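Thank you for sharing this model; here are my notes, written as numbered points so that you can follow them with the structure open beside you. Please read each point with the residues on screen.

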Amino acid sequence: MKGVKKGVCWLLICSLSLCLTGCWDSTEINGIAIVSAVALDKSDDGQILMSMLITNPGKISSTVSGSEQKSSTGQATILLSEKGTGVLDIYQKIQAKLPKVIYLSHLRVIVIGQDLAKEGVSGILDFFTRYRESHLRTEVVITKDKAVDLFKINTEYEKLPSESIRKKTQLVLGSKSTLLKFFNNITEEGIEAQVPEFETGPFESDSDSKDNEKQNPAVVFKGTAVFKNDKLLGFLDDQKLKGVVNFNGSTKLGCITIPIPKEKGGGFVSLRIPESSTNISPMIQNDKLEADVTIKIEGRIFENESKLDLSDSKVISYIESLFKDTLNQNIKPLLNTVQKDFNSDIYGFGAAFHRKYPEKWNAELKTHWDETFRNLPINLNYGVTISYVGFLTKSLGIEEKALIK
Amino acid sequence: MERISSYQLFSMTVLFQVGTTIIFGFSSSAGRDAWISCLISTGIGVLTVSLYLFLMKSQPGLTLVEWFPAQFGRWIGTPIAWMYPLLFIYDAGRAMGDIKDLISVTILPLTPHFVIMIALLAVIAYALYGGIENLARIGGIWMPIMLFLYLIVVVLIAVSGIIDFRNIQPFVDKGWGNVMKAVWPLGITQTFGESIEFAMIWPLVKEEKKIVKYTLVATMTSGLLICSIDIFAILVLSEKYFSNSLYPIYTLVQQIEVSDFIENLDSISVILFLTTAFFKTGLHIFSAVYGMQKLLKTKSYKTFILPVTAAVAFLALTMARSVLEHFEAGLKILPYNLWVPLFYILPALLFIVVAIKRLKQVKQKNAHS
Amino acid sequence: MQMPSENRTEENRLLNHNLGENIRLIKTDLDGCSDIVFREFKIGGTYDGVIIFSRILVDTKLIDEFVLKPLYQIGKIPDEWDSKKIKEVLINQVIIAAQIDSGNKLNEITERVFSGETVLMVSGLLDAIYINMQKLEKRSIQEPLTDPAIRGPRDGFTEDISTNMSLIRRRLKTPKLKFEELNVGKISKTKTVITYLKGIADDTIIAEVRNRITKIDVDAILESGNIEEFIEDSPSSLFPQILNTERPDKLVSCLLEGQIGILVDNTPFALIAPQTLVQMLQAPDDYYERHIGASFIRIIRYLYYGVALTLPSLYIAFSTFHQGMIPTRLLYSMAAARENVPFPALIEAFIMEITFEVLREAGIRLPKAVGQSVSIVGALVIGQAAVQAGIVSAPMVIIVSLTGIASFIFPKYNLALSIRLLRFLMMILAGTLGLFGIFIGIMVIMIHMVSLRSFGIPYLAPLAPLTLSSLKDVFIRAPKWAMKNRPEFIVKKNVKRVDNSKNM
């Protein structure tokens, strides 16, 4: 028996030493080109234009001794782009330009240009859900410009445009817009996808320095893009953005300004919204569909430009009622646009019906949901509280008598 | 005589049953109701294992391959008994094939398959040369480690904020037919039916009285473990991805992201799958060689280890031309043609024979007294 | 054939009546041993006598006072006394010595002389009388060098076996403490003592230890390590299966847990068998410090057992196979640090690890005063310079130093040695197959450990096979009053050690 055991031992040693003959899959860290972001555009001749933002590690962290001296010059990122018929095709073309192996595990952001997105994106994003190195946590972002332009920003302050975009999405939207979420929304019944939209804009909004915009652009969050299936329909921005922010139940940057009517002295009060939640509850009564939306928002007053006396609880409840009105003004047109103009159920009313009435959904609602959604009555309810007024009760600059209760 | 303790039996049973099924997401064809199919499968699985346990109790000290000759007589029983070691070899080849594909797709795309196979099988053979005791002890060590890692994964998923409870509703959306399709035959054969293999090991357990209790608790534990993993996968990935992905649990672990620091843990999950597959294959090969020893009545099973391991490696490398072919065989051909007859029909026949004999004995006794 | 008598001269020749002949024979045996003294004299007028001793091993003052002086003063020996009577009188009434003995074999005489005894032969007597008046040069009891502890007794074993036995006896004042003496080594005849507590230690293990030691057939035993190699279960394994210690308190605590100690003359290192991996990771002051703190330290020790084994290989696996698992920011700084390094990570790690091993060995071999400067030159100067020159990357230096420090925290040097060796195997595996390779490596090591046994006790007990009740002393150290039983995987009888009913 001992002989056999020894034999197995030797077999083990031999098979292990077999491993020495080659390291098939090993690549040194300095042999990989770490891709941090990808931009997808439609080129003029109808092909796909893909740009890869590859980081240059030595320029990012320059504190390492040894490579310190040389790294003071040069860009932190390298931008490579190529045209082709599909992602893998372009991948190979870009690889041919690089001495290092393209590495996609640290891909953080995929930016899609408007033109391409309008034709549908699920085909082009398939590579990123299928390929070994990429993962579903990558964020998807839309831009009205050419997607590559988002990478050509000022990198003095933020060295990686990809990180900049990713952080801003979370800061403004409060949630991530990952590939997983995007595909879930596309494929799931009764819900459509919405994706944050970014544009380049000037750091300083002073109109005097005209060339500022070209030299030092920044990536700015502008709104959200609305999808139907995998095709871009349009954007919710500017005016509707407030509604988007409020409705989405976000966010860290949520803030709302409430104008005070003239008879109460005019001016405005501004609140920060640290917490809010949106709850959709569908109802079917006598074959009539209806949806109740309850939005619970907590506000904290941080600015008071009116003459209201914030030490009075009656005043606070008055502001709360104004708060509701303002919310209504923001959200009503938003829902109207979504329902009527886009007719794209980005907030998942359909999915809510599916969860609550699965049989009914499968039997009839599913087939003509678009039409139903267009005319779905939505009741908005607000649970509004103002919990803090900052460090002050009465504003300092106003005399006691001038205060309005 | 080698002996294993009840705790070791418990941990080996759990590791075996969790085995390779976990990689593919248990009954992922049922979509977001996979966890319901899983619970039903576990229920039926416990009954199935109880049947095996009853057969074991009624023939004390005999292993699986000795049951048939003992009840059906030598000429009918022996050929039937021979089918089991052969099936176990084939199953071991399948498990290795699963692992080979998984590793190639995920962590080592360029490494030749035979290197992966030889490395893994050499370790398994090395373990088996030390005897089943060795395998059992390692199982005893790995069990708490696995549970600990599982808990860590659960905590990390929760902390990552990627769970969406809306993903799991509505329940039984596509009807019970869809749920049951995943239960029969795949759900109950691949994990719980295969547990008939432990009939080779039960006679080696030290405390005979505890076998039933430990095996049933282990079966329930592994069932619940698989279910909970299914539930997490559905909550995070949602139905579409869960049922379309080849390796949903791998993707599930990949979604973990805690404060930009803990991310891409997918390679770790591969290592976890490797350990469970290690035990599954190890037990398959052990049952096969031990069964062959019992059938051929030779002195030691260790002489069979090398040839059987080589056969397993050969099977794993040549069984299927592509991942899809491999999957298709596992989902459509195997369950009906091999697993159902060997895991259900034959034991059921055996049960009937044993029951009739019992009744006769009782009658005779009554007649005498 | 005249051969039988010839044969006798070889093996066990007896003394004969002729004293002169005896002396001649012994002198031929001891030819060239300049330290041997043959002092001839007359006893009681008619009898010739001789004492033979080694002047370097014997206290001559004592011989003068208590052997020669009484012999000179003996007066006339009556004629009717036969040789038996003479021997009896000499032993019982004349010579004043605590340890006295007699024998009639010629080659025993030389043995006794070399072990420091004095041999007295008188003409006509068929027996020689052995008188023990040794004078041994011994080191005083000092603090053990290899087993330091923050808290605990400061006495350590010395090279003298009787001192060592006294250190044990002082701690266990019971007749159950047994010392079994054996001589091992054909030339060296090294005194070896098996010690155990009867009634606690398993009799089969005692018999096994005794059996294995008596079977040793070797010319000399210079250190307990020689014995260890002969009696181990798996001599070709990397893992030590027998513990060595310089601390009497450690040995005694092991005896109380049913293990068996082996003391060897001329070395301060005692052996303890059977041993398990878990016990080798226990330090003596775990038991003297407060139990919560001690448990914490112990968990750290287990953690770093893993670090010492796998850290470089994990670094290699992550940096050459699974770069995706490295957090993005960290990956950038690692890549920046490696930008100009000419070697692959595996080679880099090998260079650094081997350099570190060399530095460590150099530090041990050199005199203490120089040793420090070696570590300064090695660690600081070379490390710093290598990084600045871009030959190795800074993260690699961090990894190697961390691993090095991790391998210092083991209480036992030989255990650390096994880990240091296995680390290289793991690095090769990681360099070729990444995490999969590490998995394979860990499995092989685990299977090997699980199949190891030390005198019948599984090496990984109480972890595998699992003994729940003994887990109180594995990852944590439960307070003394909570560890009611001796470890059950070793001790089969007389298990109880704390009776809490009286501990109020």
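1. In which helix of chain B is B:Ile99 found? The model is a predicted one, which should be kept in mind throughout, and in it B:Ile99 belongs to helix H4 of chain B. This residue is buried, because its relative accessible area is 0% and buried means under 20%. If you look for a partner far off in the sequence, the C-alpha atom of B:Ile99 is separated by 9.2 Å from that of B:Phe278, although their positions lie 179 residues apart along the chain.

2. Please turn next to the aromatic rings, of which a search of the whole structure finds 33 pairs over all chains. One of them is formed by B:Phe68 and B:Tyr84, which are stacked, with 5.5 Å from centre to centre and 15° between the planes. This pair links distant parts of the chain, since B:Phe68 lies in helix H3 (residues 64-72) of chain B and B:Tyr84 in helix H4 (residues 74-105) of chain B, 16 residues apart. B:Phe68 counts as buried because its relative accessibility is 0%, and B:Tyr84 is buried too, with a relative accessible area of 0%.

3. In chain A, ring pairs join several residues into a cluster, and its members are A:Phe349, A:Phe353, A:Tyr357, A:Trp361, A:Trp369 and A:Phe373.

4. Rings also have charged groups over them in this model. B:Lys280 lies over the face of B:Phe16, at 4.9 Å from the ring centre, while in chain C the charged end of C:Lys85 sits over the ring of C:Trp81, 5.5 Å from the centre of that ring.

5. How many cavities of 30 Å³ or more are there? The count comes to four, and the largest cavity holds about 270 Å³ of space. It is lined by 19 residues, and those closest to its centre are B:Ile22, B:Tyr150, B:Ile229, B:Ile249 and B:Leu272. The elements that give two or more residues to this lining are helices H6 (132-160), H8 (211-244), H9 (248-254) and H10 (266-296) of chain B, and the largest share, six residues, comes from H6(B). By residue type, the lining of the largest cavity has 17 nonpolar residues, two polar ones and no charged ones.

6. The second largest cavity holds about 180 Å³ of space. Among its 17 lining residues, A:Tyr103, A:Ser105, A:Arg132, B:Asp266 and B:Ser267 lie nearest the centre, and H9 and H10 of chain B are the elements that give two or more residues to the lining. Here the residues divide into five nonpolar, nine polar and three charged.

7. A student may wish to check the cysteines, and the structure holds zero disulfides over all chains. Two cysteines can be described individually: B:Cys227 is buried, with a relative accessible area of 4%, and C:Cys254 counts as buried at 5% relative accessibility.

8. Finally, why is helix H12 (residues 328-338) of chain C described as largely enclosed by the rest of the structure? Eight of the 11 residues of this helix are buried, and therefore the description applies. The buried residues in H12(C) are C:Thr328, C:Leu331, C:Tyr332, C:Met334, C:Ala335, C:Ala336, C:Ala337 and C:Arg338.

Definitions and conventions
Residues are numbered from 1 along each chain as its sequence is written. Chains are lettered from A and ligands numbered from 1 in the order in which they are written. This is a predicted model: local features need pLDDT of at least 70, side-chain atom pairs count only at pLDDT 80 or more; totals for chains, interfaces and linings use all residues. Side-chain values use heavy atoms; hydrogens and water are left out. Rings of Phe, Tyr and Trp (its six-membered ring) pair if their centres lie within 6.5 Å; planes under 30 degrees apart count as stacked, over 60 as edge-to-face and the rest as tilted. Helices (H or I, at least four residues) and strands (E, at least two) are DSSP runs, numbered from the N terminus. Buried means under 20% relative accessible area, exposed over 50%, partly exposed in between (1.4 Å probe, protein chains only). A charge sits over a ring if NZ of Lys or CZ of Arg is within 6 Å of the ring centre and within 35 degrees of the ring normal. On a 1 Å grid over the protein atoms alone, a cavity is a set of points where a 1.4 Å probe fits but cannot get out, and a pocket is an open set with protein on both sides within 12 Å along at least five of seven lines; lining residues have an atom within 4 Å of a point. Grid points are joined across faces, edges and corners, and a volume is the space filled by probe spheres set on the points. Ala, Val, Leu, Ile, Met, Phe, Trp, Tyr, Cys and Pro count as nonpolar, Asp, Glu, Lys and Arg as charged, and the others, Gly among them, as polar. A disulfide is a pair of cysteine sulfur atoms within 2.5 Å.
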